[in-house]
Amino acid sequence: MDLHEFQFKKAFGQNFLKEKKVIHNIVDKANIAENSLVIEIGPGAGALTQELVKKASFVLAYEIDERLKEPLKEKFQHEENIQFIFDDFLKRNIKEDIQGFSYENLYVIANLPYYITTPIITKVIEEKLNINKLVVMVQKEVGDRFAAKPSSREYNSLTVYLNYYFDIHKLFFVSKNAFIPKPNVDSVVVELKRKTNLMQLNDENLFFKLVKDSFQYKRKNLKNNLKGYDLDIIENVLGAYGLSLQARAEQLSLEIFVAISNALA
Ligand code: SAM
């Protein structure tokens, strides 16, 4: 496929990888185990896909842009361990899509369309797909948020939400020059490895609502953001950690959020 002829669609977040070194680095770092099903979201012209098919038992790739159907089918006509689904990943029932496959490890490996990074990751979590790990390229600022520590500027509800499920590591930085067309932002490849021992939650929905509400107004303290909750109970838990209702959400570790949520449930 001649990328110089292709009309890239900004609305689909189309920034294709042109640096072979970056592609190899993603696949090396992903360290794909035997008997693995790899889900790729947005194969584009197939640059990353081409390396994934060499390492994975099977690759299931979702591409929204129908114009890529023919070039992708042609490029991979001799590969037997790949299936393309030309549809919007966010609209699919992924559980149904993968139910016919047998595998021991399930991965998401992708250079994500940046305009929907959070919805994609949220979908993967909410559908309870039992993904072992995600190795994804995201906008650098987003990667910083995923891996942020409490009390840092980047720490937010998404950080807490993701760190509940995953051990998160930034693997390597990728310059905007590695893409065609060149985006406005740099990127980072992040690994999200599913935790084997999740912290016990009495009420998962309450936990996520509590986290979201705590961060609702960034400048407000917990007392103001959590007006609808039993503040006496929350104050008690905070006290055990040397904090008060004057604290702001960004000061609270995952452990404290879990403790508050369990005390309320
Ligand atoms: N993997 C290719 C690469 O690294 O060169 C392309 C990555 S590009 C950042 C993102 C790709 O995701 C594009 O091919 C775009 O058409 C596709 N895409 C965007 N939104 C999508 C969606 N909702 N579902 C599936 N694919 C999508």
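R153 forms a salt bridge with E154, and the closest N and O atoms of this pair lie 3.5 Å apart. R153 is exposed, with a relative accessible area of 72%, whereas E154 counts as partly exposed at 26% relative accessibility. Elsewhere in this predicted model, salt bridges that share partners join D87, R92 and D97 into one network. A search of the whole structure finds 11 salt bridges, and the points below take up some of these pairs, the overall build of the protein, and several local features of its backbone.

**Salt bridges and charge**

- Side chains of opposite charge can pair when their charged atoms come close.
- Within the network that joins D87, R92 and D97, R92 forms a salt bridge with D87, the closest N and O atoms being 2.9 Å apart.
- Both partners of that pair have intermediate accessibility: R92 counts as partly exposed because its relative accessibility of 23% falls between the 20% limit for buried residues and the 50% limit for exposed ones, and D87, at 28% relative accessibility, counts as partly exposed as well.
- A further salt bridge is formed by K128 with E204, where the closest N and O atoms are 3.2 Å apart; this pair links distant parts of the chain, since K128 lies in the loop between α5 (117–126) and β6 (133–139) while E204 lies in helix α8 (residues 204–214), 76 residues apart.
- In the pair formed by K128 and E204, K128 is partly exposed with a relative accessible area of 47%, and E204 is partly exposed with a relative accessible area of 31%.
- Taken over the whole protein, there are 36 positive and 35 negative charges, and the mean positions of these two sets are 6 Å apart.

**Overall build**

- The secondary structure of the protein comes to 11 helices and nine strands.
- The radius of gyration is 20 Å, close to the 18 Å that the globule rule gives for 265 residues, so the protein is as compact as a globular protein of that length.
- Taken along the principal axes, the box filled by the C-alpha atoms is roughly 65 × 40 × 30 Å.
- Buried residues make up 50% of the 265 residues, and the accessible surface of the protein comes to about 13600 Å², of which 45% belongs to carbon and sulfur atoms.
- Among contacts between residues at least 6 apart in sequence, 68% join residues at least 24 apart.

**Backbone features in loops**

- K128, already described as the salt-bridge partner of E204, has a positive phi of about 50 degrees although it is not a glycine.
- S151 likewise has a positive phi, of about 70 degrees, although it is not a glycine; S151 is found in the loop between α6 (140–146) and α7 (157–165).
- S151 counts as exposed because its relative accessibility of 54% is over the 50% limit.
- The peptide bond from I180 to P181 is cis, with omega near -15 degrees, and P181 has its place in the loop between β8 (179–180) and β9 (187–194).

**A separated pair and a buried lysine**

- E19 has its place in the loop between β1 (16–17) and α1 (20–30), and counts as partly exposed at 34% relative accessibility.
- The C-alpha atoms of E19 and N177 are separated by 8.5 Å, although these two residues are 158 residues apart along the chain.
- K123 has its place in helix α5 and is buried, because its relative accessible area of 12% is under the 20% limit.
- When residues up to four places away in sequence are not counted, K123 touches F89, L90, R92 and I94; of these, R92 is also the salt-bridge partner of D87.

Notes:
Residues are numbered from 1 along each chain as its sequence is written. This is a predicted model: local features need pLDDT of at least 70, side-chain atom pairs count only at pLDDT 80 or more; totals for chains, interfaces and linings use all residues. Side-chain values use heavy atoms; hydrogens and water are left out. Helices (H or I, at least four residues) and strands (E, at least two) are DSSP runs, numbered from the N terminus. The radius of gyration is taken over C-alpha atoms; the globule rule is 2.2 Å times the number of residues to the power 0.38. Buried means under 20% relative accessible area, exposed over 50%, partly exposed in between (1.4 Å probe, protein chains only). Contact means heavy atoms within 4.5 Å. Accessible areas come from the Shrake-Rupley method with a 1.4 Å probe; for residues, only the protein chains shown count as cover. Lys and Arg count as positive and Asp and Glu as negative; His and the chain ends are not counted. The place of a charge is taken as NZ of Lys, CZ of Arg, CG of Asp or CD of Glu. A salt bridge is a side-chain nitrogen of Lys or Arg within 4 Å of a carboxyl oxygen of Asp or Glu.
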